[in-house]
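Grab a viewer and let's work through some ring geometry together. Each exercise comes with a worked solution.

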Amino acid sequence: MPKITVLMSAYNTRPYIKNAVESILNQTCRDFEFLIIDDCSTDGTLEYLQSLEDPRIRLITHDSNKGLVYCLNEGLDLSTGEYIARMDSDDISAPHRFERQLRYMEDHPEVGVLGTFITLFHNGELVSKPTSHEDIRCWQLFYCCVGHPTVFMRSSVLKEHDIHYNPSFTHAEDYEFWSRLSELTRIENLPEYLFSYRVHEGQISTQQHLAQRLTADRVRRMLLYNLGVFPTEEEFDIHMQFYQRTIPVHNYEGYSRALAWAHKLLERNQATGIYDQETLNRILSTCFTWSEIA
């Protein structure tokens with residue numbers, strides 16, 4: 001049994017897939033199977049994949065396009081590794097990514113999911129993420145703060161709890177996935193830039209931007225409902241100001257409403273105990289500070 005199953009779905013990414021595949025095959029940690037699911041590509045992606053001869057590659061092909069969530073769930077069921085590492089077919093993993101993530105997971109058996117920081121291809125921007133489990137859980141109230149293709153997951157956690165991606169949350173399936181997993185295991189981000197993320201017109205997050213935002217809003221509402229908070233549309237708009245860092249600190253009425261919303265979240269969390277109260281208070285306070293700086 002390989003130590004790691006690398007799970008990658010591919011669909012019409014011929015201009016980028018060679019670099020993506022080579023970044024995996026050239027990892028310093030070599031104990032893995034590379035499970036690639038081609039979702040009925042029509043642009044030469046499949047032909048490239050079929051030309052590869054590395055024995056670590058397991059290629060699964062579809063006769064019709066079934067979508068990312070289907071492919072990911074199929075991959076979870078087919079994986080045999082102790083760990084599952086995600087990868088996208090248009091991005092690049094640093095050569096020592098698996099080595100660093102594996103070492104951390106082996107040293108921290110309480111962690112079930114480990115992401116990394118990200119570098120953006122098109123402008124070189126460095127994208128950091130919350131690192132501790134407590135910070136990630138609280139920030140999840142506002143946005144998805146784990147980079148999906150960067151994660152390294154413990155297979156035993158997924159199998160023990162029969163965890164799969166929920167097709168009802170297509171285009172924000174990862175956000176909902178981490179929200180469930182964070183209640184079952186520790187999720188952290190390794191503070192190292194081990195992944196290069198490509199932004200281009202053909203990717204799902206570009207083509208399905210509106211659908212992705214609306215589905216992400218459903219996840220946000222679901223997390224608020226779990227707290228016993230059922231926001232009006234006005235309150236949800238205020239909630240999004242925390243995420244977008246647009247709290248109107250120089251407008252008394254707007255500032256007061258945002259402060260009232262923060263107090264409401266803290267009061268409900270005090271009653272439910274879902275999140276670490278000190279962490280939530282610190283994060284909410286940080287949103288106000290960011291607004292003042294902006």
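**Exercise 1.** Are Phe-142 and Phe-242 buried or exposed?

*Solution.* This is a predicted model, where local features need pLDDT of at least 70, side-chain atom pairs count only at pLDDT 80 or more, and totals for chains, interfaces and linings use all residues. Residues are numbered from 1 along each chain as its sequence is written, and side-chain values use heavy atoms, leaving out hydrogens and water. Now the check: Phe-142 and Phe-242 are both buried (under 20% relative accessible area with a 1.4 Å probe, protein chains only; over 50% is exposed, in between is partly exposed).

**Exercise 2.** Classify the pair that Tyr-83 and Phe-152 form.

*Solution.* Start with the whole structure: a search finds 13 aromatic pairs. Rings of Phe, Tyr and Trp (its six-membered ring) pair if their centres lie within 6.5 Å; planes under 30 degrees apart are stacked, over 60 edge-to-face, the rest tilted. Tyr-83 and Phe-152 sit 5.2 Å apart centre to centre with 35° between the planes, so the pair is tilted. Next, place the rings: Tyr-83 is in strand β4 (residues 83-88) and Phe-152 in strand β8 (residues 152-154), so the pair ties together parts 69 residues apart in sequence. Strands here are DSSP runs (E, at least two residues), and helices likewise (H or I, at least four), numbered from the N terminus. Both Tyr-83 and Phe-152 are buried.

**Exercise 3.** Do the same for Phe-142 and Phe-242.

*Solution.* At 5.8 Å centre to centre and 20° between the planes, Phe-142 and Phe-242 are stacked. Phe-142 lies in the loop between α5 (133-139) and β8, and Phe-242 in helix α10 (residues 233-244), so this pair bridges parts 100 residues apart in sequence. Finally, zoom out: ring pairs link Phe-142 and Phe-242 into a cluster with Trp-139, Tyr-143, Tyr-243, Tyr-255 and Phe-288.
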